[in-house]
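Load the model in your viewer and show it as a cartoon, with side chains available on demand. The stops below are meant to be selected in order.

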Amino acid sequence: EYYAPFLAHASMEPPAAVASVTEDFCEIWSPTQNPQSLIEMATRITGLPAEKVRVNVTLLGGAFGRKSKADFSEEAVFLSKATGAPVLVQWSREDDIRHDYYHSVSAQQLTASLDDDGQVTAWRHRLAYPSIMGTFDPSVTRPATMELGLGAINLPYALDNIRVETGEAAWKVRIGWLRSVCNIFQSFGINCFSDEIAQARGVDPRDNLLQLLGPDRTIEFTEFGMEVVEGYPMETGRLRNVIERVAEESGWGRELPEGHGLGIAAQFSFLSYVAAVVEVAVDGEGRWHVPRVDLAIDCGQYVNPDRVKSQQEGAVIFGLSLAGESRITVSNGRIDQGNFNDYQVLRFGGTPETHIHLVDSTAPPAGVGEPGVPPIAPALLNAIFAATGKRLRELPVGRKI
């Protein structure tokens, strides 16, 4: 069983917007990821037609999905209409963290069966988490197909018997999009459980992943939501390739100092193929740090390699943050965290030596901003097991295990 908590976006730049509403025009300046939604919002508040609304999209700064929501811009429009003057709305850090559209809490149970030869014959994945759809329709109590299609029901493993079951989870806080969305916790559960299967089989974790993938094949999904895009089938050979590439580049199987371990994980995410190897060092008191991360990505044809690499380097920091200390909790109906003192993200001193390996490809271009995040947390926990023999199944793990 695996558990992951609510997460905040914790952008370095809290939300801010300016609005100027007059009798015949509305103009908005906002770091928005969804300017179309601001036009719809402004017409509702002001009564003006859409052609009388102008949205100026500023630089976003950090966003990670949070600034796809219009609430902070809506405040500026409402106040400008009420006062008859231009209004700047600037949220504080506490406003932002305590009134976010949170990444969903989740619980998962995974079960597999092995035959007498140690081959995996069946896989069952049970999930329960509040759906993003519940933010818009509180009657929704189960994950949407679109969300399950971010890792769970498009499992790439070549197994004869796969079953995915969902349980009910009531909507309690606003749920939103966060960098890589449900891939985060579904990849966490799947890749950690795959490592447990490797242990049960007595097989090297890298070899186990390659065996679970089976022969190279192309899978045409037709109904699984975000990962169903014409011209982008899942090609398991490309996932195999990034696993083999990152294992080679990281020196998988090399001799390590005492207290060190390597963990591996892989994910098809936002139409790209990513695999990561995390090296962890754990001291005698259980304190850990990550000296090195290797990440291989096949995102199809890329134009700007530096931008692809920088996105993956950011994803490593993002992934280690949510795996290590980031979490949102609630007491007496109020969010406990409010700033970076109690909602922890990775500091400079914890940033690992990071090596990004790009796969040259002529395939159609795919995502690079989100796919690097999902394999980091499970690779870290698998590395901790390799170093200590201690199996962790709950995020965040804290700075001491």
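The tour covers a sheet, the helices beside it, and two further groups of strands and helices. Keep in mind that the model is predicted.

**Stop 1: the four-stranded sheet**

Select β1, β6, β7 and β8. These four strands form an open sheet in the order β1-β6-β7-β8, and the pairing is mixed. At the edges are β1 (2-4) and β8 (162-166), each of which pairs on one side only. From one strand to the next, the twist averages 15°.

Now narrow the selection to residues 106-114 and 120-128. These are β6 and β7, which pair in the antiparallel sense over eight bridges. To check the register, show Q108 and look across to β7, where L127 stands opposite.

When side chains are switched on, expect the usual pattern: in a regular strand they alternate between the two faces of the sheet.

**Stop 2: S106**

Center on S106, which lies in strand β6. Is S106 buried or exposed? Its relative accessibility is 2%, so S106 counts as buried; the cut-off for that is under 20%. Leaving out residues up to four places away in sequence, the contacts of S106 are Y2, Y3, A4, A128, Y129 and F185.

**Stop 3: helix α5 on the sheet**

Add residues 183-201, which are helix α5. This helix packs on the sheet and touches β1, β6 and β7. The direction of α5 makes about 30° with that of β6.

**Stop 4: helix α9**

Next select residues 376-388, helix α9. Do the span check first: at 1.5 Å a residue, its 13 residues should span 18 Å, and the end C-alpha atoms are 18 Å apart, which agrees. Just after α9 comes G389, which has a positive phi, near 75°.

How many residues of α9 are buried? The count is 10 of 13, and the helix is mostly covered. The buried residues are I376, A377, P378, A379, L380, L381, N382, A383, I384 and F385. To see what covers them, display the surroundings, which include α5, β11 (260-269), β12 (272-282), β13 (288-298) and α8 (305-324).

**Stop 5: α9 against α5**

Keep α9 and α5 on screen. Their axes come within 8 Å and cross at roughly 30°. The cut-off for roughly parallel is under 35 degrees, and α5 and α9 are therefore roughly parallel to each other. Their crossing is right-handed. For the contact residues, show S187, F188, N191, C192, D195 and Q199 on α5; these meet P378, L381, N382 and F385 on α9.

**Stop 6: α9 against α8**

Replace α5 with α8. Here the axes are 8 Å apart and the packing angle is about 60°. That makes α8 oblique to α9. The crossing of α8 and α9 is right-handed. On the α8 side, show A315, V316, G319, L320, L322 and A323; on the α9 side, their partners are I376, A377 and L380.

**Stop 7: strands β2, β3 and β4**

Move to residues 16-21 and 26-30. The first of these ranges is β2 and the second is β3. The two strands form a hairpin with four residues between them, and they pair in the antiparallel sense over four bridges. One bridge to display links S20 with E27 in β3.

Then add residues 53-57, strand β4. Five bridges join β3 to β4, and these two strands run parallel. A pair to pick out is I28 with its bridge partner V55 in β4.

Why is β3 described as largely enclosed by the rest of the structure? Four of its five residues are buried, so the strand is largely enclosed.

**Stop 8: helices α1 and α2**

Finish with residues 35-46 (α1) and 71-83 (α2). The two axes come within 10 Å and cross at roughly 30°. That makes α1 roughly parallel to α2. The crossing of α1 and α2 is right-handed. Show L38, M41, A42, R44, I45 and T46 in α1, which meet S73, E74, V77, F78 and K81 in α2.

Methods: Residues are numbered from 1 along each chain as its sequence is written. This is a predicted model: local features need pLDDT of at least 70, side-chain atom pairs count only at pLDDT 80 or more; totals for chains, interfaces and linings use all residues. Side-chain values use heavy atoms; hydrogens and water are left out. Two strands pair if DSSP finds at least two bridges between them. Axes are lines fitted to C-alpha atoms, for helices over the stretch in contact, and angles run from 0 to 180 degrees between N-to-C directions. Contact means heavy atoms within 4.5 Å. The expected span of a helix is 1.5 Å times one less than its number of residues. Buried means under 20% relative accessible area, exposed over 50%, partly exposed in between (1.4 Å probe, protein chains only). Angles under 35 degrees count as roughly parallel, over 145 as roughly antiparallel, 65 to 115 as roughly perpendicular and the rest as oblique. A crossing is left-handed if the near helix is turned anticlockwise from the far one by less than a right angle, and right-handed if clockwise.
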